[in-house]
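Hello,

I am passing on a structure that I have been going through, and I thought a short tour might help you find your way around. Please have the sequence and the model open while you read.

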Amino acid sequence: MVSAPPTTGRPKIFVVEDEDDLRRMLSKILGTVGDVTTAVDGQDAYTRLTGGFVPDVIVTDLMMPRMDGLTLATKLKADPVLGRVPVVMLTAKTQARDVIAGINAGARHYVTKPFKTEELVGKVRKALAARGK
């Protein structure tokens, strides 16, 4: 299930996650911070982002089919408008080289699974604050 972009004036949070249950959980958690739109993988997200949807923050899984989070972040970083949108990378990969790869791809924050709700919400709020949202 893919949700439509919200129009309430609250911060726009774009969740990119291929696992249905986790995508629903992230939507519920992050719905306390802003309006959540979801995509099922990086390709779905990239299509929507290049189609005109510009969120205030993107929370993306690293490992997904069709287009992974690293590729998505790298492509966004190269875009003059989308490159300014902060990316929070969510992944089970915890080694230093994985964190560095995520940061080099354009992620501003890196949250490892399993994550604490407070940590994820805190990083999303920090990313939004940096954008003035």
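A good place to begin is helix α1, where Asp21, Arg24 and Lys28 are exposed. Please keep in mind that this is a predicted model.

The side of α1 away from those three exposed residues looks quite unlike them. Within this helix, which spans residues 20-30, Leu22, Arg23, Leu26, Ile29 and Leu30 are buried. They sit on the same side of α1, because the arc they cover around the axis is only 130 degrees. The spacing makes sense, since an α-helix has 3.6 residues a turn and residues three or four places apart therefore point the same way. What covers the buried residues of α1? Their cover includes the strands β1 (12-16), β2 (35-39), β3 and β4 (87-91), together with helix α5 (117-130).

Next, please look at β2. All five of its five residues are buried, so the rest of the structure largely encloses this strand. In a regular strand the side chains alternate between the two faces of the sheet. In β2, one side carries Asp35, Thr37 and Ala39 and the other carries Val36 and Thr38, and both faces are covered. β2 runs parallel to β1, and five bridges join the two strands. Across from Asp35 in β2 you will find Lys12. Between these strands the chain passes through α1, making a right-handed β-α-β crossover from β1 to β2.

Helix α5 is worth a look too. Its 14 residues reach 20 Å from the first C-alpha to the last, close to the 20 Å expected at 1.5 Å a residue. Leu120, Val121, Val124, Ala127 and Leu128 are the buried residues here. Down the helix axis they fall within an arc of 125 degrees, so they line one face of α5. Which elements do they pack against? Their partners are β1, α1, β3, β4 and β5. On the other side of α5, Glu118, Lys126, Ala129 and Ala130 are exposed. Just after this helix comes Gly132, with a positive phi of about 80 degrees.

One residue I would like to point out is Asp61, which lies in strand β3 (residues 57-61). Is Asp61 buried or exposed? Its relative accessible area is 3%, and because buried means under 20%, Asp61 counts as buried. Its side chain makes a polar contact of 3.2 Å with the side chain of Lys113. Beyond its neighbours within four places in sequence, Asp61 is in contact with several other residues, among them Val16, Asp18, Gly69 and Leu90.

Lys113 brings us to a feature of the backbone. A cis peptide bond joins Lys113 to Pro114, with omega at about -10 degrees. Pro114 itself belongs to the loop between β5 (107-112) and α5.

The last stop is Arg66, in the loop between β3 and α3 (69-77). Its phi is near 65 degrees, which is a positive value in a residue other than glycine. With a relative accessibility of 63%, Arg66 counts as exposed.

Happy exploring, and do write back with any questions.

Best wishes

Key:
Residues numbered from 1 in each chain as written. Predicted model: local features only at pLDDT ≥ 70, side-chain atom pairs only at ≥ 80, totals over all residues. Heavy atoms only, no water. Helix = DSSP H or I, 4+ residues; strand = E, 2+ residues; numbered from the N terminus. Buried < 20%, exposed > 50% of the residue type's maximum accessible area, 1.4 Å probe, protein only. Polar contact = N/O pair within 3.5 Å; in protein donor to acceptor, adjacent residues only side chain to side chain. Contact = heavy atoms within 4.5 Å. Arc of directions from axis to C-beta. Pairing = 2+ DSSP bridges. Right-handed = clockwise from strand over helix to strand, strands pointing away. Expected span 1.5 Å × (residues − 1).
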